[in-house]
Amino acid sequence: MLRVLGQPASINVRKVLWTCAEIGLPIEREDWGGDTRAPTAPGFLALNPNAMVPVIVDGTQVLWESNTICRYLAAQHGRVDLLPNAAGERAKVEQWMDWQIAELNPAWRAAFVALVRGRPVPADEVAASTAQWHRLMALLDAHLGDGRTHVCGEAFTLADVVLGLSANRWHHTPLAGRPGLPAVAAWLARLAQRPACRLHGLNGVA
Ligand SMILES: N[C@@H](CCC(=O)N[C@@H](CS)C(=O)NCC(=O)O)C(=O)O
């Protein structure tokens, strides 16, 4: 059975859990990271030298990096609805997944660790991170407001998984000056109709 290493309070672990639930994949999940076992343990480092969760073990295949894992699982199980085969359609899904991890994720870091984790961060860094996070979420709102029901059009894809979790985090972080983003709110309500989203997409902000 597929092993998923990582505790479910982690947003990156929840990407994998949500994807597994969409596919209907049985898994064995093991607690690593956060307040559970430290991923610096030698046995874990042998699987992921970055000492981070999630990691999956699928037979002889060991993978880390949450978005890569989600793409692997969709491809391995022939879920072309979640990750299309056609190059152009697939690139659109990957574009938004890469945007999540390369642009949105670094933007929120200072605000998130200060306001949710309670770590000391200079106020100007929190303000800059908050402004950038709002700016990128407004970009997503404008995209979603352009007549589409999901990030890549009418169909639910992996882009909705990783951005849905990100939007949920934005929604629950106590940020100053939060703009109203009606298209993001409508899309989150749409995602919440999915059982897999209700299981893994809406719980927790960490
Ligand atoms: N780019 C990596 C980032 C993974 C990451 O930041 N994982 C965090 C949890 S969300 C982690 O392992 N932190 C260390 C810990 O929990 O001990 C991915 O997307 O998988």
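Start by selecting helix 4, residues 87-115, and then show what its buried residues pack against, namely helix 3 (66-76), helix 5 (123-144) and helix 6 (158-172). Helices here are DSSP runs of H or I with at least four residues, strands are runs of E with at least two, and both are numbered from the N terminus. Contact means that the C-beta atoms of two residues, placed from the backbone, lie within 7 Å. This is a predicted model, in which local features need pLDDT of at least 70 and side-chain atom pairs count only at pLDDT 80 or more, whereas totals for chains, interfaces and linings use all residues. Residues are numbered from 1 along each chain as its sequence is written.

Staying on helix 4, colour Val93, Trp96, Met97, Gln100, Leu104, Ala107, Trp108, Ala110, Ala111 and Phe112, which are its buried residues. A residue is called buried if 20 or more other C-beta atoms, placed from the backbone, lie within 10 Å of its own, exposed if 12 or fewer do, and partly exposed in between. The 29 residues of helix 4 reach 40 Å from the first C-alpha to the last, close to the expected 42 Å, where the expected span is 1.5 Å times one less than the number of residues. Centre next on Arg109, where helix 4 bends by about 45 degrees, the bend being the angle between axes fitted to the seven residues ending there and the seven starting there.

Now colour by domain, with domain 1 as 2-76 and domain 2 as 87-199; these bounds come from an automatic or database domain assignment. The C-alpha centres of the two domains lie 21 Å apart, and their contact takes 11 residues from domain 1 and 10 residues from domain 2. On the side of domain 1 that touches domain 2, helix 1 (11-23) and helix 3 are the elements that give two or more residues, and helix 1 gives the most, with seven residues. That side of domain 1 has five nonpolar, two polar and four charged residues, where Ala, Val, Leu, Ile, Met, Phe, Trp, Tyr, Cys and Pro count as nonpolar, Asp, Glu, Lys and Arg as charged, and the others, Gly among them, as polar.

Select helix 1 by itself: 10 of its 13 residues are buried, so the helix is largely enclosed by the rest of the structure. Its cover includes strand 1 (2-5), strand 2 (27-30), strand 3 (55-58), helix 3, helix 6 and helix 8 (195-200). Just after helix 1 comes Gly24, with a positive phi near 80 degrees.

The ligand is the next stop, and the residues to show around it are Ser10, Ile11, Asn12, Gly33, Gly34, Pro39, Met52, Val53, Pro54, Glu65, Ser66 and Ile101. Each has its C-beta atom, placed from the backbone, within 6 Å of the ligand, and by class this shell holds six nonpolar, five polar and one charged.

Finish with some backbone details. Most residues other than glycine have a negative phi, and most peptide bonds are trans. The peptide bond from Val53 to Pro54 is cis, with omega near 5 degrees, and Pro54 sits in the loop between helix 2 (42-45) and strand 3. Ala51 also belongs to the loop between helix 2 and strand 3, and its phi is positive, near 55 degrees. Glu65, in the loop between strand 4 (61-64) and helix 3, has a positive phi of about 85 degrees and counts as partly exposed, with 16 C-beta neighbours inside 10 Å.
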